[in-house]
Amino acid sequence: MKKLIVFLFFAFILNGYAQKSKNIFSRDPIINLENFQQKRVYYGFYLGFNSYDFKIDYKTETPDILIKKTTGFNVGIIGDLKLQEYINLRFEPGLYYTKRDLYYPNFANSGDALREVNSTYIHFPLLLKFSSLRTGNIRPYALGGISSTLNLSSNSKLMDDNFQQRFRVKSWTTNYELGFGIDLFSDYFIFSPSIRGVFGINDELIRDNDPNSPWTGNIASMKTRAIFINFSFH
């Protein structure tokens, strides 16, 4: 269903361009917002989807923990500073909702085998955007940088652990991010769909109080992996 919504969203945007005689994809388009790129600073906002995962490394060989991913929702704002004609510095703070289910294969009891990890993130990425030459009303770009994430649902301050049905992770994590997108210049705004990979740097798992815990004892590290699909408007 969500894939259908994304498809219809793109179809609606592209159909709007196609109604013009010299639209964005024509051989000789009317140049929209010709002087926009000369701005030193500009702002925008984004909406999008996310898919979060965990990369888990184990101390010994055991059956892997199975991770069921779901599609979450993103919303945030954009601040863009022009450093050079083809390089921009971007700050894109946002609110990200997601959920992951962890299934432990060694438990017969389904209540012990399942841990739901619901997360509400405040995400603070600082990115460099490398743009290509503008062709008509189209300008592809690549971007990369670092980010810090505050997990409001981390349970990090609780003393209870998995023995009391509490799965705990650290409040703050650090990541690096890589992605690409395309700027589409319309009459009144820039529409920028993009896709980005997010890779956690530090181990974010808080171990159970018992070092031999069947939930956390064999985990050497647990790091976030995620894919963001954002639709930005400037």
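## A first tour of the model

Twelve residues make up the largest nonpolar core of this predicted model: Phe54, Ile56, Ile65, Leu102, Tyr104, Val117, Phe167, Val169, Leu205, Trp215, Ile219 and Met222. Strands β1 (41-58) and β10 each supply at least two residues of this core. Phe167 is a good place to start looking around. Leaving aside neighbours within four places in sequence, Phe167 is in contact with Leu102, Tyr104, Arg115, Val117, Ser154, Asn155, Asn162, Leu205 and Met222. There is also a second, separate core of 8 residues, including Tyr52, Ile78, Tyr121 and Phe228.

**The overall fold**

Let us step back to the whole chain. The protein has 2 helices and 10 strands, and along the sequence they follow the pattern α-β-β-β-β-β-α-β-β-β-β-β. Of its 234 residues, 43% count as buried. Among contacts between residues at least 6 apart in sequence, 70% join residues at least 24 apart. The accessible surface comes to about 12700 Å², and carbon and sulfur atoms account for 62% of that surface.

**Two residues of strand β10**

Strand β10 spans residues 219-233, and Ser232 lies in it. Is Ser232 buried or exposed? With a relative accessibility of 5%, Ser232 counts as buried. Not counting neighbours within four places in sequence, Ser232 is in contact with Phe45, Tyr46, Ile78, Ile190, Phe191 and Ser192. One of these, Ile78, also belongs to the second core.

Ala220 is found in β10 as well, but this residue is partly exposed, at 38% relative accessibility. Which residues does Ala220 touch, beyond those up to four places away in sequence? They are Asp57, Tyr58, Lys59, Asp203 and Arg207. Ala220 and Thr60 are 160 residues apart along the chain, yet their C-alpha atoms are separated by 8.9 Å.

**Charged pairs**

Side chains of opposite charge can pair when their charged atoms come close. The structure holds 9 salt bridges, and the table shows some of them.

| Salt bridge | Distance between the closest N and O atoms |
|---|---|
| Lys55 and Asp57 | 3.2 Å |
| Asp101 and Lys99 | 3.9 Å |
| Glu116 and Lys99 | 4.0 Å |

In the Lys55 and Asp57 pair, Lys55 is partly exposed, with a relative accessible area of 34%, and Asp57 is partly exposed too, at 31%. Asp57 is also one of the residues that Ala220 touches.

Lys99 appears in the table with Asp101 and with Glu116. How accessible are these residues? Lys99 counts as partly exposed at 27% relative accessibility. Asp101 is buried, with a relative accessible area of 7%, while Glu116 is partly exposed at 45%. Glu116 lies in strand β6 (residues 114-131) and Lys99 in strand β5 (residues 94-103), so their salt bridge ties together parts that are 17 residues apart in sequence.

Elsewhere, salt bridges link Asp80, Arg90, Glu92, Glu177 and Arg196 in a network.

**A nonpolar patch on the surface**

Nonpolar residues are also found at the surface of the model. Phe45, Leu47, Phe73, Val75, Ile77 and Tyr97 make a nonpolar surface patch of about 530 Å². Which strands each supply at least two residues of the patch? They are β1 and β3 (71-84). The largest share, 3 residues, comes from β3. Phe73 has its place in β3 and is partly exposed, with a relative accessible area of 38%. Another patch member, Phe45, is among the contacts of Ser232.

**How confident is the prediction?**

The mean pLDDT of the protein is 86, and 85% of its residues reach 70 or more. Over residues 4-8, however, pLDDT is below 50, and this stretch has 2 contacts in the model beyond near neighbours in sequence. Residues 14-22 also stay under 50 in pLDDT, and for them the model has 12 contacts beyond four places in sequence. Where pLDDT is low, the predicted coordinates should not be read in detail.

Terms used:
Residues are numbered from 1 along each chain as its sequence is written. This is a predicted model: local features need pLDDT of at least 70, side-chain atom pairs count only at pLDDT 80 or more; totals for chains, interfaces and linings use all residues. Side-chain values use heavy atoms; hydrogens and water are left out. A salt bridge is a side-chain nitrogen of Lys or Arg within 4 Å of a carboxyl oxygen of Asp or Glu. Buried means under 20% relative accessible area, exposed over 50%, partly exposed in between (1.4 Å probe, protein chains only). Helices (H or I, at least four residues) and strands (E, at least two) are DSSP runs, numbered from the N terminus. Contact means heavy atoms within 4.5 Å. pLDDT is the predictor's confidence in each residue, from 0 to 100. A nonpolar core is a set of buried Ala, Val, Leu, Ile, Met, Phe, Trp, Tyr and Cys residues joined through side-chain atoms within 4.5 Å. Accessible areas come from the Shrake-Rupley method with a 1.4 Å probe; for residues, only the protein chains shown count as cover. Patches are made of residues with over 30% relative accessible area and no salt bridge: like charges are joined within 9 Å, nonpolar side chains (Val, Leu, Ile, Met, Phe, Trp, Tyr) within 5 Å.
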